[in-house]
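Please open the model in your viewer, with the cartoon drawn and side chains ready to be switched on as needed. The stops below can be taken in order, and each one says what to select and what is found there.

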Amino acid sequence: MTLAGFIGAAYLFLDSRAPAAPPAPAPSPVAYHSDGLSDAYDGFRAEALSLPAGRGPATVSLRVTGPGGPVTDFQKIHTKPVHMYVLRDDLSGYQHLHPEVVDGAWTAPVTITDGGAYRVYLEFVPYGRPAGAEPTVLGVPFVIAGDTTMVPVPAPQPEDRSGPYTVRRLDGTADLTSGTQTALQFQVLRDGRPATLEPYLGAYAHLSNFEVRTQGLKHLHPIATSADGSAPADGVLAFHAAFAERGDKRMFLQFQAGGQVRQVEFTIFTT
């Protein structure tokens, strides 16, 4: 079909950081998180200098300005000052990139394989934020015109594969409950046995959670399972998460094993 324009729902705001069920603690003084559905948040703004205009290799270049002007350095989060994500509005085409500063703008190569409405997200923590502060996430949309093959969001499945690795969601396809803290557990297996996980960007996994209705982003990392920071012997990755509203979530889980970064995908529904 031919893309007629950008879908307005991508601008809707949905805060996926619901507090735990009563009794709940007071809001954290270090909660700076945003969901990437706006190009401005907390005094920072992303300005697009270069965005893909067609299929194939391209460059994304975003200038970030803060209260004092352009910002070309941030605190490192998981070994990088900025994490960049690209996603189409049907929740396909996910890419996790690591931009570098070129001519004062955060720049990364990207490859677009099909038309459609996309969004590029920037995740960072400015200097001066207290320890433990959540990152700020800004987002900028772009459109690739022409015939487009849209991909339906897959139904929930209990497992997904990447090469020789199988990743199982330990609670199968169970619905989660909105408004409560939830422990999401995934087990990485190879040949039916727990896989040996390797550090990737300072963690044993990275989980990008997108609200299907809005494309709002929350980036999660696994809970430490040992005092010395060693990999989980059982291959189980556990994430604390809370969801404010019911609906589908599309999750992209990245891990490293056998010297290669792998990616699996899950759909989860919250009631």
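What follows is a tour of a predicted model, going from strand pairing to a pocket and then to aromatic rings.

**Stop one: strands 2, 3, 4 and 8**

Begin by selecting strand 2, residues 44-50, together with strand 3, residues 56-66, which run antiparallel and are joined by five bridges. The connection between strand 2 and strand 3 is a hairpin that passes through five residues. To find the register of this pairing, show Glu47, which stands opposite Arg63 in strand 3.

Keep strand 3 selected and add strand 8, residues 105-112, since seven bridges join these two strands in an antiparallel arrangement. Here the pair to display is Thr59 and, opposite this residue in strand 8, Pro109.

Strand 3 also pairs with strand 4, residues 69-70, again in the antiparallel sense and over two bridges. A hairpin of two residues leads from strand 3 to strand 4, and Thr65 has Pro70 in strand 4 as its bridge partner.

**Stop two: the sheet 6-5-9-10**

Next, select strands 6, 5, 9 and 10, which form an open sheet of four strands in that order, with antiparallel pairing. Its edges are strand 6, at 95-97, and strand 10, at 136-144, each of which pairs on one side only. If direction is ignored, neighbouring strands of this sheet are turned against each other by 20 degrees on average.

Within this sheet, look at strand 5, residues 83-88, and strand 9, residues 116-124, which are antiparallel and joined by six bridges. Leu87 can serve as a marker for their register, as this residue stands opposite Arg119 in strand 9.

**Stop three: the sheet 16-15-18-19**

Now move to strands 16, 15, 18 and 19, which in this order make an open sheet of four strands with antiparallel pairing. Strand 16 and strand 19, the latter at 260-270, are the edge strands, each pairing on one side only. The average turn between neighbouring strands of this sheet, direction ignored, is 20 degrees.

Zoom in on strand 15, residues 206-211, which runs antiparallel to strand 16 and is joined to strand 16 by four bridges. Leu207 is a useful residue to label, with Leu220 of strand 16 standing opposite.

**Stop four: the second largest pocket**

Leu220 also leads to the next selection, the second largest pocket, which holds about 320 Å³ of space. This pocket is lined by 14 residues, of which His78, Pro135, His219, Leu220 and His221 are the closest to its centre. Strand 16, residues 217-220, gives the largest share of the lining, namely three residues. When the lining is coloured by residue class, five residues are nonpolar, six are polar and three are charged.

**Stop five: Ile77**

Select Ile77, which is found in the loop between strand 4 and strand 5. Is Ile77 buried or exposed? With a relative accessibility of 16%, Ile77 counts as buried, because the cut-off for that class is under 20%. Then add Gly202, which is 125 residues away along the chain, although the C-alpha atoms of Ile77 and Gly202 are separated by 8.4 Å.

**Stop six: aromatic rings**

Finally, show the rings of the aromatic residues, among which 12 aromatic pairs are counted. Start with Tyr118 and Phe142, a stacked pair whose centres are 5.3 Å apart and whose planes are at 5 degrees. Because Tyr118 lies in strand 9 and Phe142 in strand 10, this pair ties together parts that are 24 residues apart in sequence. Both of these residues, Tyr118 and Phe142, are buried.

Then turn to Phe186 and Phe239, whose ring centres lie 6.1 Å apart and whose planes meet at 70 degrees, so the pair is edge-to-face. Phe186 belongs to strand 13, residues 182-190, and Phe239 to strand 17, residues 236-241, so that distant parts of the chain, 53 residues apart, are linked by this pair. Phe186 and Phe239 are both buried.

As a last selection, display Tyr85, Tyr94, Tyr121, Phe210 and Phe252, which ring pairs link into a cluster.

Notes. Residues numbered from 1 in each chain as written. Predicted model: local features only at pLDDT ≥ 70, side-chain atom pairs only at ≥ 80, totals over all residues. Heavy atoms only, no water. Pairing = 2+ DSSP bridges. Axes fitted to C-alpha atoms, helices over the stretch in contact; angles between N-to-C directions. 1 Å grid on protein atoms, 1.4 Å probe; cavity = no way out; pocket = protein on both sides within 12 Å on 5 of 7 lines; lining within 4 Å. Points joined across faces, edges and corners; volume = space filled by probe spheres on them. Nonpolar A, V, L, I, M, F, W, Y, C, P; charged D, E, K, R; others polar. Phe/Tyr/Trp six-rings, centres within 6.5 Å; stacked < 30°, edge-to-face > 60°. Buried < 20%, exposed > 50% of the residue type's maximum accessible area, 1.4 Å probe, protein only.
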